[in-house]
Amino acid sequence: MASGLPDLAGDEDSLRRFLIGLPPVDPVGLEARAATLATRSIKKQSKLAAIDLAISMVDLTTLEGADSPGKVANLCRKALVPDPGVPQTPLPAAVCIYPDMAAVAVESLAGSAVRVASVATAFPAGRSSMEVKLADTRLAVSAGVDEIDMVIDRGAFLSGQWGLVFDQIQQIKQACGEARLKVILETGELATYDNIRRASWLALAAGGDFIKTSTGKVSPAATLPVIHLMLQAVKDFRALTGEQRGVKPAGGIRSTKDAIRHLVAVGEVAGPDWLDPHWFRFGASSLLNDLIMQRRTQTEGGYWGADYVSID
Amino acid sequence: MARTPVRKTYKLYLGGAFPRSESGRTYAVTDASGAFMANAACASRKDLRDAVVAAGKARVGWAGATPYNRGQVLYRIAEMVEARRAEFIDLIKRESGAGAREAGAETDQVVDRLVHYAGWTDKLASVMGHANAVSGPYFCYSAPEPTGVVGVLAPESLLGLVSCVAPVLAGGNTCVVVTPQACSTITFAEALATSDVPGGVVNLLTGDLAELSPHLAAHRDVNALDLTGADPELRTELGRSAAETVKRVYIPRHEPDFTAAPGMARLRAFLEVKTVWHPTGAVSLAGNGGY
């Protein structure tokens, strides 16, 4: 493990000491700060730049039981041509799908800059044996995905088995090979801000390349105070170890306004280094259309309408 | 001891709620003699945008309600206005300087107009729809469907406003109404809010027509415009802007006399005719035409 961070692997006591030793969160101060930053007004050229950046950070997602190869291929076409009327619209970062659809997405997006991310490890509940979770991950990796979105075992985390969660993340990380690993904390189930801070550090220390808020199946999903905490964690993690890691809010971000509020938080809390699709993503589906509509409003004037963008 | 007067501030009616303007702006409403009446919210461009979003969300539910149900809701508005008759008469007297008799007559006409359109809702399909005789083995029929979100620039009188809004609702459309006349309009909104009109079906914005209307005309989620309340110069400009997004635009042919019988033009203006062709039994394998 890199400098500054004690060696936590295989030693549950030092892991426990480290996570309990993290400074407690001041919820009132955290929420007030998040609310203040959310009021910042971004206009004109800055807004257009923010919209373009946000589009390039979208992980275009479909995680439904009703997903079919046709639907996934359609979503991939949408990712390749987000706005047919304006070819210079930036492309989203990735398409995010279930592991059994990974091959379809990889084939549809071959040769493009759009990456393929697959959820794995018995998403969204994560309630299965480690063998099944590893097999799930290998299924996606063997299809050739660039990124894996795993869920942590919240039951184990909440009952204090932090070493188990740490160990599972490490095993999945190993199974990922070259693929980047996003660790979904499902913050809506973690009950307290202190738990979210601990889970963030646990995931980072265990080797997650990204920490991600939610599966999108649990409410509340991504909220601004939670994103603030996670951004603080990656910033402090870099200060401690020198390694930069990413953050991905997912679920509930539907409007351009929400997306820009998140970007303000990224710039203010983590720093401008994270204002890059390599380090920050939005897990979303309907957000892309709203960004495209707002982009048109900015460049062409007049409020844009949902009848004028493609349905995904 | 003198009782402290309870002053009323007139707010916007947006998505079924009564919010202040997002901009925080207000304007003073004066009566016919120029004396102060009340402060009213002055809607901004963003309030208009929010109103269109609210109208868009309410669209499917209102268009999907049975015509019978829409008629009941319109009749309920009439009941609510009738119940507040004294309040409306007082406001019309102050706003227009009319006498008690004229103001009473206008209020009665408002109620009658609502009842008139309440009766229309379940007759539109049979009056405006047809079974079409076609030269082929098809059963072909046409039926009217609502246009969608209608932007209404309302004339100043309450009777004018109701005469514009009621036919839009009767056809199953939702609307965003812009009007400079705050007091009677927002009091009418209070009648709407207690009439089972789903939130967002009618949105009433008080403010400057010239400031708000260009944004309404250019908005791509607005499907039609009623320009009754705009002056001729503004009508031309807005019509041109609306053409960009192929909106339906309704401009009355003559200056409307709202006291006269309303006719069908306003109903027809915000309905689309859908024609459906069904193959009939004539093409069946039996080949005997069936009937």
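**Figure 1. The largest nonpolar core of the predicted model comprises 175 residues.** The residues with the most contacts inside this core are A54(A), V95(A), A105(A), V165(B) and V177(B). Helix α6(B) makes the greatest contribution to the core, giving 10 residues. For V95(A), neighbours within four places in sequence are left aside; the residues then in contact with V95(A) are L60(A), L75(A), C76(A), A79(A), A105(A), L109(A), V114(A) and V116(A).

**Figure 2. Helices α4 (residues 100-120) and α6 (residues 158-170) of chain B pack against each other.** Their axes lie 9 Å apart and enclose an angle of about 10 degrees. Angles under 35 degrees count as roughly parallel, and α4(B) and α6(B) are therefore described as roughly parallel to each other. From α4(B), the residues at the contact are E106(B), Q109(B), V110(B), R113(B), L114(B), Y117(B) and W120(B). These meet L158(B), L159(B), V162(B), S163(B), A166(B), P167(B) and A170(B) of α6(B). Sorted by class, the contact between α4(B) and α6(B) consists of 10 nonpolar, two polar and two charged residues.

**Figure 3. S118(A) lies in strand β3 (residues 115-119) of chain A.** S118(A) counts as buried because 32 C-beta neighbours fall inside 10 Å. Residues up to four places away in sequence are not counted in the contacts of S118(A), which are I97(A), Y98(A), P99(A), A102(A), A140(A), V145(A), I148(A) and D149(A). The C-alpha atoms of S118(A) and C96(A) are 5.4 Å apart in space, although the two residues are separated by 22 residues in sequence.

**Figure 4. An open sheet of three strands in chain B has the order β4-β5-β11.** Pairing within the sheet is antiparallel, and the twist from one strand to the next averages 25 degrees. Strands β4 (130-132) and β11 (271-279) of chain B occupy the edges; each has a single partner strand, so one side of each is without a neighbour in the sheet. Three bridges connect β4(B) with the antiparallel strand β5 (residues 138-146) of chain B. In one of the bridges to β5(B), H130(B) is partnered by S142(B).

**Figure 5. Chains A and B meet in a contact to which each chain gives seven residues.** On the side of chain B that touches chain A, the elements giving two or more residues are α1 (45-64) and α8 (209-218) of chain B. The residues on this side of chain B comprise two nonpolar, two polar and three charged.

Technical notes. Residues numbered from 1 in each chain as written. Chains lettered and ligands numbered in written order. Predicted model: local features only at pLDDT ≥ 70, side-chain atom pairs only at ≥ 80, totals over all residues. Contact = placed C-beta atoms within 7 Å. Helix = DSSP H or I, 4+ residues; strand = E, 2+ residues; numbered from the N terminus. Nonpolar A, V, L, I, M, F, W, Y, C, P; charged D, E, K, R; others polar. Axes fitted to C-alpha atoms, helices over the stretch in contact; angles between N-to-C directions. Parallel < 35°, antiparallel > 145°, perpendicular 65-115°, else oblique. Core = buried A, V, L, I, M, F, W, Y, C linked by C-beta atoms within 7 Å. Buried ≥ 20, exposed ≤ 12 C-beta atoms within 10 Å, placed from the backbone. Pairing = 2+ DSSP bridges.
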